[in-house]
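Got the viewer open? Here's a short tour, one selection at a time.

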Amino acid sequence: RDYMARLQDNTVEPVVYTNMEIGSIERDIISTNNLQDIGSKNVQSTTTVLDRIAFSHPTVFEAIGQLADLSAYTFYTDSERDLHFEPIGSANPT
């Protein structure tokens, strides 16, 4: 199993984000949902600020996927267990 599976094994605790940039939301999800072994140093900031988004126990993978869809970004974890969140077309997974 790769480290993307860790994103599917954990859920996002109920939370509401208001007036936050999507990259900041991503970093918060990783840091507060029992994912100490997944880094977020390669989560890029976006130009998308959400007025409001709420999560109530989706998997971390689903929550990040929803944020990726809202910002036209893609995501993956690399071999060093770091989450990448990048504009579609710029990702180069290794």
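Start by selecting Val60, Ala63, Ile64, Gly65, Leu67, Ala68 and Ser71: these are the buried residues of helix α3. Keep in mind as you click around that this is a predicted model. An α-helix has 3.6 residues a turn, so residues three or four places apart point the same way. Now show what surrounds that buried set. It packs against two helices, α1 (4–9) and α2 (22–32), and three strands, β3 (49–55), β4 (73–77) and β5 (82–87).

Next, highlight α3 as a whole, residues 60–71. Its 12 residues reach 17 Å from the first C-alpha to the last, close to the 16 Å expected at 1.5 Å a residue.

Step off the end of the helix and you land on Ala72, which follows α3 and sits in the loop between α3 and β4. What is its phi? Near 60°, a positive value in a residue other than glycine. Most residues other than glycine have a negative phi. Ala72 is partly exposed, at a relative accessible area of 47%.

While you're looking at backbone angles, jump to Arg81, in the loop between β4 and β5. Arg81 isn't a glycine either, yet has a positive phi of about 65°. Its relative accessibility is 38%, so Arg81 counts as partly exposed.

Back to the helices: show α2 and α3 together. How far apart are their axes, and at what angle do they pack? The axes are 10 Å apart and the angle is about 175°. An angle over 145 degrees counts as roughly antiparallel, so α2 is roughly antiparallel to α3.

To see the contact itself, bring up side chains on both helices. On the α2 side, pick Ile22, Ile25, Glu26, Ile29 and Ile30. On the α3 side, they meet Val60, Ala63, Ile64, Leu67, Ala68, Leu70 and Ser71. Colour that selection by class and you should get 10 nonpolar residues, one polar and one charged.

Now for charge pairs. Side chains of opposite charge can pair when their charged atoms come close. How many salt bridges does the structure hold? Two.

For one of them, select Asp37 and Arg6, whose closest N and O atoms are 2.9 Å apart. This pair links distant parts of the chain: Asp37 is in the loop between α2 and β2 (39–43), while Arg6 is in helix α1, 31 residues away. Switch on a surface and check both ends. Asp37 is partly exposed at 27% relative accessible area, and Arg6 also counts as partly exposed, at 22%.

Then select Arg27 and Glu21, which form a salt bridge with an N to O distance of 3.8 Å. Is each partner buried or partly exposed? Arg27 has 26% relative accessibility and counts as partly exposed, whereas Glu21, at 13%, counts as buried. The cut-off for buried is under 20%.

Finish by staying on Glu21, found in strand β1 (residues 15–21). What does Glu21 touch, leaving aside its neighbours within four places in sequence? Besides Arg27, its contacts are Gln44, Ser45, Thr46, Thr48 and Val49. Draw a distance line from Glu21 to Ser45: their C-alpha atoms are separated by 7.3 Å, although the two residues are 24 residues apart along the chain.

Note on methods: Residues numbered from 1 in each chain as written. Predicted model: local features only at pLDDT ≥ 70, side-chain atom pairs only at ≥ 80, totals over all residues. Heavy atoms only, no water. Helix = DSSP H or I, 4+ residues; strand = E, 2+ residues; numbered from the N terminus. Expected span 1.5 Å × (residues − 1). Buried < 20%, exposed > 50% of the residue type's maximum accessible area, 1.4 Å probe, protein only. Contact = heavy atoms within 4.5 Å. Axes fitted to C-alpha atoms, helices over the stretch in contact; angles between N-to-C directions. Parallel < 35°, antiparallel > 145°, perpendicular 65-115°, else oblique. Nonpolar A, V, L, I, M, F, W, Y, C, P; charged D, E, K, R; others polar. Salt bridge = Lys/Arg side-chain N within 4 Å of Asp/Glu carboxyl O.
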